[in-house]
Amino acid sequence: MASKVSPFLHSGTVAQADKLSIVHLKRDLQLPTILREHDDDDEGYAEGKVVNTRFGSFPHKTLIGRPWGSQILASRVDTGSRGRRDQKPEKRHRDGIEAPEKKRKRDELEEESKTASKRSRADNGESLDAGVNESVVAKEEAEAVTAQSGFIHLLAPTPENWTSSLPHRTQVVYTPDYSYILHRLKARPGSQIIEAGAGSGSFTHASARAIYHGYPGSEVPNGSHTKKQKLGKVWSYEFHEQRHEKLQKEIHDHGLDGIVEITHRDVCEDGFLVNGKSPNAEAVFLDLPAPWLALPHLVRSKPGTFVSPLNPSATVYICSFSPCIEQVQKTMSVMRQLGWVDIEMVAIAHKRFEIRRERIGIDNGAQRGLQTIPASVDEALQRLLEVEGNFKVFHDTGAKTKRKRDNPNNREKIMESLVEKKIYKDGKLVHRTEPEVKNHTSYLVFAILPQEWSAEDEARVRAEWPAVARKGDGVVTMSNRALKKAATRAAREEREKAAAAKKAHASELNGEKSEEKPAISGEKSTIPIESPVLDGGESDFKAS
Ligand SMILES: C[S@@+](CC[C@H](N)C(=O)[O-])C[C@H]1O[C@@H](n2cnc3c(N)ncnc32)[C@H](O)[C@@H]1O
């Protein structure tokens, strides 16, 4: 059993310390944060660990224990000692770099802090002899004070919000793509899925949730069966050392150990076995610059000693993700050569629509969705007369007329227009696409590798499920309709066999004659047509 349960899989109802949470600033702007009770990194805030955003500062202690989805108000944080702590204490002490004056001031501050802490604890009736770390207590004592403005929402981590907030180390697969890919790969609880390369881990997190069926060691008998349930796993590969290390750490921090296994490997060179063991995968996702070089490792058999990374008793589904059409062509060509079928390319064009009311008029003030142009000729005329009148007064008297206009955006007016006039129901309903939706426009190549079917398999299933039905002794294995169909088929096969035998006999009798007969133009040629052999043996035009 994993030491840590992933918040991506079981988020609970509230944000917990030492677990990932998502600080949601606005749509498409989120900050992943591991919440800490204490400021172990000594960042110098009196309130402990703090997350700073453009909407204010949020001490972690104001987030821990709050229900997911809560709106959290910003706090005024005490940054008093931050400047001094920019230098780590051990650095300050090293070689006596710290000036005696500075040291004295720091000692005084630390002493003050300790005294304040002791006083506070004494006020609360706590024993001053408790053997606790003084500095930690001092930090705990600083209460967060709510700021005048600024808030965020606290969200449970999901693969979707992780994708939009993760630290990018590479181009990543976005939600519109991976949701479709996982659906086409038939990824489900218990699936074994190969993923290469892992990159920034966007697809890794999404696939981990799709295949999750419990942590290793937590298997329970599957319902009434004694068979243990099959646990899903993501077999992930990355050849870039730093990316591999970073992702490994993230997977550990996110409690996904045992569900995701990351291997540092060039899959094009070394294939997909892990310590000589097959992942037994039934789904494969390739996000590589040259996927066609990895494909020869994803076969069921090869001459010599070869262990396939694929599940021998299942159909295998593959998706290759490539930005260029030339990559797609090469990948498809090699797929055909290796026996993949149902090869198909798809591009996801995801669009988000903004739908709103469009109102027209000049007297409604600057409200959302309002086009401030006259809604009718009458409204335009009225405005024109007003302006002309003002001009006339100015020319006649030289006085500027100040039109007294009510502010259309004052609270009363807005409430009146919303509650009484139900202005939100006015106007045409319009929509427009939002151009900034993030999805990486790559081509997705899908294919299927059917299960290998040997003569032994055929014999085994025929023995297991006999096709011949026996009626009469009470055993009926086929419906009457199916029986009738089978009888018709058997009779047809019998007729065809007899006709073929007759034909063979006839040609045997005139054998020599027909061999001598020259081919006449217009008759079907008996000369076999050789299929074209293409450059480098790659039959680009070979049908699947
Ligand atoms: C575009 S990124 C993958 C992004 C990832 N799918 C995600 O959603 O975050 C491609 C990754 O493949 C890795 N890579 C390229 N060739 C590889 C190979 N032969 N074996 C393993 N990894 C490889 C690269 O280092 C890179 O990190």
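**Helix H5, the nonpolar cores and the ligand shell**

The buried residues of helix H5 pack against two helices, H4 (159-165) and H6 (202-211), and against the strands S10 (283-286), S11 (316-322) and S16 (443-449). The model examined here is predicted. Helix H5 itself spans residues 175-184, and its buried positions are Thr 175, Asp 177, Tyr 178, Ile 181 and Leu 182. These residues lie on the same side of H5, because they cover an arc of only 155° around the axis. A general point of helix geometry is handy here: an α-helix has 3.6 residues a turn, so residues three or four places apart point the same way. Beyond the helix comes Lys 186, with a positive phi near 55°.

Attention now turns to the nonpolar cores. The largest has 54 residues, and those touching the most other members are Leu 185, Ile 193, Ala 208, Ala 281, Val 284, Phe 285 and Cys 319. When residues up to four places away in sequence are set aside, Leu 185 touches Ile 193, Ala 283, Phe 285, Tyr 317 and Cys 319. A second core, separate from this one, has 15 residues, among them Ile 22, Phe 58, Ile 72 and Ala 74.

The ligand is surrounded by 23 residues, of which Gly 197, Gly 199, Ser 202, Phe 239 and His 240 come nearest. Two or more residues of this shell are contributed by each of H6, strand S8 (233-238) and helix H8 (267-270). In composition, the shell around the ligand holds 10 nonpolar, 8 polar and 5 charged residues. Helix H6 thus appears twice in this account: the buried residues of H5 pack against H6, and H6 gives two or more residues to the ligand shell.

Terms used
Residues are numbered from 1 along each chain as its sequence is written. This is a predicted model: local features need pLDDT of at least 70, side-chain atom pairs count only at pLDDT 80 or more; totals for chains, interfaces and linings use all residues. A residue is buried if 20 or more other C-beta atoms lie within 10 Å of its own, exposed if 12 or fewer, and partly exposed in between; C-beta atoms are placed from the backbone. Helices (H or I, at least four residues) and strands (E, at least two) are DSSP runs, numbered from the N terminus. The arc is that of the directions from the helix axis to the C-beta atoms. Two residues are in contact if their C-beta atoms, placed from the backbone, lie within 7 Å. A residue is near a molecule or strand if its C-beta atom, placed from the backbone, lies within 6 Å of it. Ala, Val, Leu, Ile, Met, Phe, Trp, Tyr, Cys and Pro count as nonpolar, Asp, Glu, Lys and Arg as charged, and the others, Gly among them, as polar. A nonpolar core is a set of buried Ala, Val, Leu, Ile, Met, Phe, Trp, Tyr and Cys residues joined through C-beta atoms within 7 Å.
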